[in-house]
Amino acid sequence: MPRYYEDKLEGGACAGLKEDLGACLLQSDCVLQEGKSPRQCLKEGNCKALKYSFFECKRSVLDARSRFRGRKGY
């Protein structure tokens, strides 16, 4: 579930998604029960939707067309 931070300073275009992805990984069963690192759990496929959303956000920052037209689907 995405969170919106009104009292925090802006940390970039994808800062909210990055924090949500980190929180999802830290709260996953892979980290809590199996004791693996968040990086290992991310490679195994946990939090796929947030990982994909973060990737698309970072890609849209670099895409010259979306800089002028805005992000697709938002």
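Reader: Which residues make up the largest nonpolar core?

Author: This is a predicted model, in which local features need pLDDT of at least 70 and side-chain atom pairs count only at pLDDT 80 or more, while totals for chains, interfaces and linings use all residues. Residues are numbered from 1 along each chain as its sequence is written, and side-chain values use heavy atoms, with hydrogens and water left out. A nonpolar core is a set of buried Ala, Val, Leu, Ile, Met, Phe, Trp, Tyr and Cys residues joined through side-chain atoms within 4.5 Å, where buried means under 20% relative accessible area, exposed over 50% and partly exposed in between, with a 1.4 Å probe and protein chains only. The largest such core has 7 residues in all, namely Leu21, Leu25, Cys30, Val31, Cys41, Cys47 and Leu50.

Reader: Which elements give two or more residues to this core?

Author: Elements here are DSSP runs numbered from the N terminus, helices being H or I runs of at least four residues and strands E runs of at least two. By that reckoning, the elements that contribute two or more residues to the core are α1 (15-26) and α2 (29-32).

Reader: Which residues is Cys30 in contact with, leaving aside its neighbours within four places in sequence?

Author: Cys30 belongs to the largest nonpolar core. Contact means heavy atoms within 4.5 Å, and once those sequence neighbours are set aside, the partners of Cys30 are Gly35, Lys36, Cys41, Glu44 and Asn46.

Reader: Which residues do salt bridges that share partners join into one network?

Author: A salt bridge is a side-chain nitrogen of Lys or Arg within 4 Å of a carboxyl oxygen of Asp or Glu, and the whole structure holds 3 of them. One pairs Glu56 with Arg59 at 3.0 Å, N to O, and these two residues lie 3 apart in helix α4 (residues 48-62), about one helical turn. Lys36, partly exposed at 27% relative accessibility, bridges to Glu44 at 2.7 Å and to Glu34, with the closest N and O atoms 3.3 Å apart. Through shared partners, one network therefore joins Glu34, Lys36 and Glu44.

Reader: Within what arc do the buried residues of α4 fall, seen down its axis?

Author: Leu50, Cys57 and Ser60 are buried in α4, whereas Lys48, Tyr52 and Leu62, on the other side of the helix, are exposed. The arc is that of the directions from the helix axis to the C-beta atoms. The buried residues line one face of α4, because, seen down the axis, they fall within an arc of 90°.
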